[in-house]
Amino acid sequence: MEEEYAHPYEDSIENFTTYEDYLDSQITAQDRFYLEEDELARQLVEIGCRKGEVLSREEFAARREAVETAKKARLQKAPKELASTGKDLTDWPFLRHLAAREELVRNGKLSTIIFIRDKNTKGQEISVADIDYGHRLKTEGFEPYFERKKRLLPRPSDLSFYNWDTQHSTSNESPNFQIIPDHEQGLLFKNKRDRKVINVDPKVEPGDNSKRHDVPTGEYIQVVIFDHMTRKKS
């Protein structure tokens, strides 16, 4: 888009903060010698006393806005550094699994549900949850998790949650999954993109385009990852 607006006096329109800066770039040392006043020199440039195209104040503002819009679009399209980039996860299998999926989950090619059974410092089970990894990635920073400053914990706002101490349970839809509760097959999740159902029952297959991964870890009582390769509904 910047090339579309290029002209002889414009190394890049974004180099000029104001219209006056743009006019000043076309004033020569000879102009200043004879005219002595920059304001008069600017006026002569603006009214066209120069060879080639000279933008009007309105044209300059419009092209400057176009350049800013193009710059913002490029920044939005530029790949962002992953939260897991550069982190040493050698001894942390669960975090390695999360890191391996981060890019695919962020770009929507993969939908992942994390089943966690959590424990307290005494090793006693305190909560269990099904977590929408993609939703968590979008709503909180994951650097502290990959830096091992925080543990990924079940929350009442997750897809499903149960606290053993309080007997409190919740279930919530997420941007990626719809819950099918009280089904004869147990708790099911429907992917909102391709409408495929994911079954988290360990005794059955998880479903089309879905895989179950049991993750060995000493941080939790149990971690299971359900990956679903999304397909757009035809």
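Reader: How do the residues in the lining of the largest cavity divide into nonpolar, polar and charged?

Author: In this predicted model, that lining holds 4 nonpolar, 4 polar and 1 charged.

Reader: How do people find empty space in a protein to begin with?

Author: Rolling a probe the size of a water molecule over the atoms shows where empty space is left. A search of the whole structure here turns up 1 cavity of 30 Å³ or more. About 30 Å³ of space lies in the largest cavity.

Reader: Which residues line the largest cavity?

Author: Look for Ser 111, Thr 112, Ile 113, Phe 177, Ile 198, Ser 210, Phe 226, Asp 227 and His 228. Two elements, β1 (110-119) and β9 (222-229), each give two or more residues to that lining.

Reader: And how much space lies in the largest pocket?

Author: About 370 Å³. The lining of the largest pocket has 19 residues, and those nearest its centre are Phe 115, Asp 130, Ser 160, Leu 187 and Val 200. To trace the walls, follow β2 (125-132), β4 (168-171), β6 (186-191) and β9, the elements that contribute two or more residues. By type, the lining of the pocket splits into 9 nonpolar, 7 polar and 3 charged.

Reader: OK, now the inside. How many residues does the largest nonpolar core have?

Author: The largest nonpolar core has 22 residues, and Phe 94, Ile 114 and Leu 152 are the ones with the most contacts inside it. Elements giving two or more residues to this core are α5 (93-106), β1, β2, α6 (133-139), α7 (143-146) and β9. Its largest share, 4 residues, comes from α5.

Reader: What does Ile 114 touch, leaving out residues up to four places away in sequence?

Author: Ile 114 touches Phe 94, Leu 98, Ala 129, Asp 130, Ile 131, Tyr 133, Leu 152, Val 223 and Val 224. Apart from the largest core lies another core, of 11 residues, including Ile 113, Val 128, Leu 159 and Val 200. Try selecting Ile 113 as a link between topics: Ile 113 belongs to that other core and also lines the largest cavity.

Reader: Let me zoom out. How many helices and strands does the chain have?

Author: There are 7 helices and 9 strands. Of the 234 residues in the chain, 35% are buried. For contacts with a separation of 6 or more, 50% join residues 24 or more positions apart.

Reader: What about the backbone: which residue in the loop between α7 and β3 (160-163) should I look at?

Author: Go to Arg 148, which sits in that loop. Arg 148 isn't a glycine, yet its phi is positive, about 65°. Its relative accessible area is 41%, so Arg 148 counts as partly exposed.

Reader: And where is Gln 167?

Author: Gln 167 is in the loop between β3 and β4. This residue is not a glycine either, and has a positive phi of about 60°. Is it buried or exposed? With a relative accessible area of 51%, Gln 167 is exposed, because the cut-off for exposed is over 50%.

Reader: Last one: what is the mean pLDDT of the chain?

Author: The mean pLDDT is 83, and 76% of the residues reach 70 or more. Over residues 1-11, though, the pLDDT is below 50, and this stretch has 24 contacts in the model beyond near neighbours in sequence. Where pLDDT is low, the predicted coordinates should not be read in detail.

Terms used:
Residues are numbered from 1 along each chain as its sequence is written. This is a predicted model: local features need pLDDT of at least 70, side-chain atom pairs count only at pLDDT 80 or more; totals for chains, interfaces and linings use all residues. Side-chain values use heavy atoms; hydrogens and water are left out. pLDDT is the predictor's confidence in each residue, from 0 to 100. Contact means heavy atoms within 4.5 Å. On a 1 Å grid over the protein atoms alone, a cavity is a set of points where a 1.4 Å probe fits but cannot get out, and a pocket is an open set with protein on both sides within 12 Å along at least five of seven lines; lining residues have an atom within 4 Å of a point. Grid points are joined across faces, edges and corners, and a volume is the space filled by probe spheres set on the points. Ala, Val, Leu, Ile, Met, Phe, Trp, Tyr, Cys and Pro count as nonpolar, Asp, Glu, Lys and Arg as charged, and the others, Gly among them, as polar. A nonpolar core is a set of buried Ala, Val, Leu, Ile, Met, Phe, Trp, Tyr and Cys residues joined through side-chain atoms within 4.5 Å. Buried means under 20% relative accessible area, exposed over 50%, partly exposed in between (1.4 Å probe, protein chains only).
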